Amino acid sequence: MRTTSMDHAALIAELLSRTLAEAPFSLTRTPDSLVKALAVPKDPKMGDHAFPCFVLAKDLKKAPPAIAQELVVALTDSIEESPALTSVEAAGPYLNFRVDAASQAADLIPSILCGDFTARRPSTETRVMIEYSQPNTHKAFHVGHTRNVSLGDSLVRICEWAGHDVVAANYIGDEGAHIARCLWFYRNFFDGELPTENRGEFLGGLYSRATELLDFKTLTACPHLGVVTARVDSIVKHPSHDGWAVVEVHDGTSAHQVVCGGKGYAVGDIVGYATVGSHVGGRLVGHADKDGVASEGMIVSEKEISLSDDAEQIQVFAAATDLGLEIAELMRTDALAAGTSVLATMKERSDGVAEILKAIESGDPEITAQWMETRDWSLRDFDEIYRWLDARFDHVFYESEVGEEGKDIVLEFLDKGVLERSDGAVGARLEAHGLPFFLLLRSNGTGLYSTKDIALAKRKFEEFKIDRSVYVVDVRQSLHFQQVFKTLELMGYEKAKDCFHLAYGFVLLPEGEMSSRTGNVILFSQLQSSLVNKIRADFVDSQDWPDEEKAAAARAIAIATIKYGMLKQDNVKNIVFDLTEWTNQQGNTGPYLMYQYTRTRSIRRKLEEMKLLDGVDSVVRDWSLLSLDQEQAVQKIIADFPSIVQRAADEYQPKLLCNYLYDLAKTLSRMYKPSNVKDASTPELRFTRLDLFEAAGTVMRSGLELLGIHTIERM
RNA sequence: GCGCUCGUAGCUCAGUGGAUAGAGUACCGGACUUCGAAUCCGUGGGUCGCAGGUUCGAAUCCUGCCGAGCGCGCCA
C-alpha cells in the first residue's frame with residue numbers, strides 16, 4: 001500500500017472527524033471538509049500537518065487555543081494506536097501532527113524505486129484534446145512559438161500522467177491572405193537563389209518583406225484613403241452640445257456640413273477632411289446625426305491621421321495648399337520615387353496580392369502547384385522543429401480542410417435562426433450574453449478564421465468524441481474564444497461548456513517586444529544554434545566525453561533551458577527571453593535542475609568505482625537512520641509528487657511542477673554534504689542513504705519528463 | 001467609451017483564505033586534500049499599487065480608484 005502525504009492528511013481528517021463526533025465536542029464534520037482545512041506548519045520542526053482550530057470556535061463557543069488543548073487530550077489515544085502518526089501537539093490555536101518518518105519511508109522509497117509511485121495514474125476514461133502550436137505556413141517560426149509548444153507538449157504529458165486519454169492536436173494555418181502575400185513577393189520581387197535548408201524560414205522572410213511593402217505607413221505619414229484637404233468656410237457653435245462646432249468645409253468640388261469636436265483651427269484654414277466612405281481609426285466614416293445636427297464626413301485630428309497622440313488638435317495645413325488633395329499624397333515619405341503616386345502604388349500592390357488570393361481560391365493550376373510546394377517547405381521545417389523539441393502530435397488539422405465545412409455550418413444555423421444577417425454579413429448576436437457581435441461570414445459570402453473554428457470544434461466533438469477540449473492559444477484571442485464557445489453553445493453543442501481556452505502571454509526580448517520590422521526577433525534556427533553553442537561552451541566542450549555524448553548532452557541541456565524557462569512562469573504573464581539568464585547554472589533554471597539530477601546519478605557511480613556496492617541488493621534498509629533534517633526535508637518533498645502533478649493537470653499549470661522541482665533540487669543539494677553516502681559508517685546507513693538519493697533522483701527525472709525535458713547521466 | 005488581464009524586495013518572479021510574506025538575481029561575507037564548489041551557508045533589503053468591505057484571520061475573496069498591457073464585425 002502506497003503512503004503519500006495525501007493519505008496522511010486523509011488519516012488525520014478521519015481521526016479528527018471521529019473525535020469531534022464524540023463528547024464533549026459532539027460536532028459533525030466530514031473528513032472531506034477537514035482535509036480542506038488542513039494546512040502545513042510554518043516550520044517543519046513544528047510538525048507535518050496542522051489543523052487551525054478557528055473553524056470550530058463558533059460552534060464550540062470557545063477560544064481556538066482552548067479547543068486545541070482539548071483536542072490534543074482527546075486525540076492522544078488514537079494517535080498512539082496509529083503507526084503512521086507519532087504525535088499531536090497544541091501550538092496556540094493550531095494542532096500540529098507529526099507523521100512517522102520511518103514508516104513513511106518504508107512505504108515511499110521502495111515504491112519510488114520500483115517505479116509505481118511516479119507512474120501514470122489509472123485511466124479516468126476521459127478523452128482530452130489539447131490543441132497547440134498552430135503555426136502558419138509561409139511565416140517564420142520564432143522564440144515566441146516555442147512557448148506555445150513547450151506549454152502544449154508539457155500539458156499533454158501531464159494530463160496523460162493523470163490518466164486522461166489525451167489527443168495532442170495541431171492546427172496549421174495553411175491558407176489565407178498571408179500566403180498570397182508571400183507568393184506575391186516571391187513571384188514579383190525575389191530574384192536570388194533558393195536556400196537548400198530552412199526553406200520555411202526563408203518563406204517567412206519573404207512574407208515579412210511583403211508585409212513591409214504593403215504597409216501604407218512606410219509610404220506616407222497619413223495612411224488613410226479618402227482623407228483630403230478642405231477649406232474651412234464657417235464655424236458656428238453647436239446649438240445643444242458644448243465644445244462642438246458646426247463647420248462648413250469645401251474640398252474644391254463641393255461643400256459639406258460637419259460637426260467637429262476638435263480645436264486649433266479657424267475660418268480660412270486648410271484642414272484634413274475624411275470623406276464619406278473613408279476609414280479612419282478603424283471606423284467607416286459616413287453621415288451622422290450629432291445631437292440633432294446632420295454631419296457629413298469628419299474633420300480629422302492629429303491623432304486620427306497618425307501625426308501625434310493628440311485627439312483634440314486639428315491638423316492645419318499651409319494656406320497655399322490646393323483643395324481636394326489626398327493627404328496620403330501630401331504627406332508622403334521619401335520611400336517612393338518622386339512622381340510616383342502613393343495611392344496608385346498601394347493599389348497596384350494590393351491588387352497584385354488580391355489577384356494571387358483569387359487565383360488560389362479559384363484553383364488556378366500554376367499558383368496552386370506553387371502554393372502546395374511552398375506549403376510543403378514550411379511543413380517540413382515544422383516537422384524538424386517538433387522532432388528537435390520532442391513535441392508530439394497525434395492528429396494534425398489544416399485550415400484548408402475546414403473552410404468549406406465552416407461556411408456550410410454557418411448557413412445551416414442561419415436558416416435555423418441561431419445566426420443573423422447584419423449589413424450583408426452573417427454572425428452571432430451575443431449581446432444578451434455580454435459579448436459583442438461575432439462575425440462568421442463576410443458580406444461577400446467568404447469565410448473567416450472564426451468560421452473555421454466552428455467547423456474545427458464540430459469535428460473535435462463528433463469525429464474524435466472528446467470529453468474536454470483545450471486550446472493553447474495566446475491571450476489576445478480570449479474574446480474570440482469566448483465568442484466561439486458561446487456560439488457553439490447556442491448551436492446546441494453540449495460539449496461547448498467543456499472547451500477551455502488556455503491563454504498565455506507573450507515572449508519579449510530584453511530589448512522589448514519582438515518585431516520582424518525592426519529586426520528584433522529570434523528565429524527558431526537562430527535560437528537553436530545560439531542555445532547549443534552557448535551550452536557547449538558553458539557545460540560540454542571541456543568534458544572528456546565521446547562526441548556523440550557531447551552532442552546529446554548539448555541538445556538535452558538546450559531543451560531543458562528553453563522549456564523550463566518557458567514553463568516556470570505563470571501562463572498569462574509575459575516572459576522576457578534572456579539567454580544569459582536562462583543558461584545561468586545557479587538559480588531557477590533548466591541547467592540547474594539538470595545538474596542536480598546528474599549529481600544524484602554520480603553517487604552510485606562513485607560507489608561502484610570504490611567497490612562499495614557489495615550487498616546493495618541484500619542489506620536490509622533501516623529507514624529510521626534517515627534522521628537528519630536535510631534527509632527529512634527531501635523525504636517530505638518527494639512524497640508530495642503525485643498531488644502536485646495532479647494539481648498541475650487539473651489547473652493546466654506546468655509551472656506548479658516547475659516550482660516543485662526547483663524546491664526539490666534546492667532541498668536535495670542541501671543534503672549532499674551532511675548525508676554523505678560513500679563515507680557512511682555502516683553498509684546499512686550507506687545503502688539507506690543511497691536509496692533516498694536515488695528515489696529523489698527518480699522523482700526529479702519523472703517530473704522533468706512531464707515538462708518534456710529528458711535528463712542525462714552526467715554533465 | 002466598453003471588456004479582459006496584470007500590479008509583491010533595486011531587478012526577475014513564487015505564494016490565491018491560515019502562524020513571523022518567500023526564492024532567484026545583484027551587493028557584501030563565509031565554506032572545497034569535492035559521492036561534482038557547475039554547489040552550499042550567512043547579512044542587508046517589503047505602506048504586498050491605493051482606499052474601503054467580507055472574515056476569528058486577506059498579498060489571496062468583493063467594490064471603487066490609480067497605473068501598465070491586451071482586445072473590441074467583414075485580419076488571423
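**The RNA-facing surface and the cysteines of a predicted model**

Where RNA strand B approaches the protein, 59% of its atoms within 4 Å belong to sugar or phosphate, and the rest belong to bases. The structure is a predicted model, and the description below should be read accordingly.

The surroundings of RNA strand B comprise 54 residues, of which Tyr94, Phe437, Arg670, Tyr672 and Met715 come nearest. Sorted by class, this surface holds 20 nonpolar, 19 polar and 15 charged residues.

Several side chains address the backbone of the RNA. A polar side-chain atom of serine 602 lies 2.4 Å from a phosphate oxygen of RNA strand B, and an N or O atom in the side chain of lysine 573 is 2.8 Å from a phosphate oxygen of the strand. For tyrosine 595, the partner is a sugar or linking oxygen of RNA strand B, 2.7 Å from an N or O atom in the side chain. The elements that give two or more residues to the surface near RNA strand B are helix 3 (54-60), strand 3 (94-99), helix 14 (478-490), helix 18 (590-609) and helix 21 (654-671). Helix 18 gives the most, with 7 residues.

The cysteines form a separate topic. A disulfide is a covalent bond between the sulfur atoms of two cysteines. With a cut-off of 2.5 Å between sulfur atoms, the count comes to 0 disulfides. Cysteine 658 is unpaired because the closest cysteine sulfur, in cysteine 159, is 15 Å from its own sulfur, too far for a bond. Cysteine 658 is buried, with a relative accessible area of 0%. Cysteine 260 also counts as buried, at 4% relative accessibility.

Technical notes. Residues numbered from 1 in each chain as written. Chains lettered and ligands numbered in written order. Predicted model: local features only at pLDDT ≥ 70, side-chain atom pairs only at ≥ 80, totals over all residues. Heavy atoms only, no water. Near = heavy atom within 4 Å. Polar contact = N/O pair within 3.5 Å; in protein donor to acceptor, adjacent residues only side chain to side chain. Helix = DSSP H or I, 4+ residues; strand = E, 2+ residues; numbered from the N terminus. Nonpolar A, V, L, I, M, F, W, Y, C, P; charged D, E, K, R; others polar. Buried < 20%, exposed > 50% of the residue type's maximum accessible area, 1.4 Å probe, protein only.
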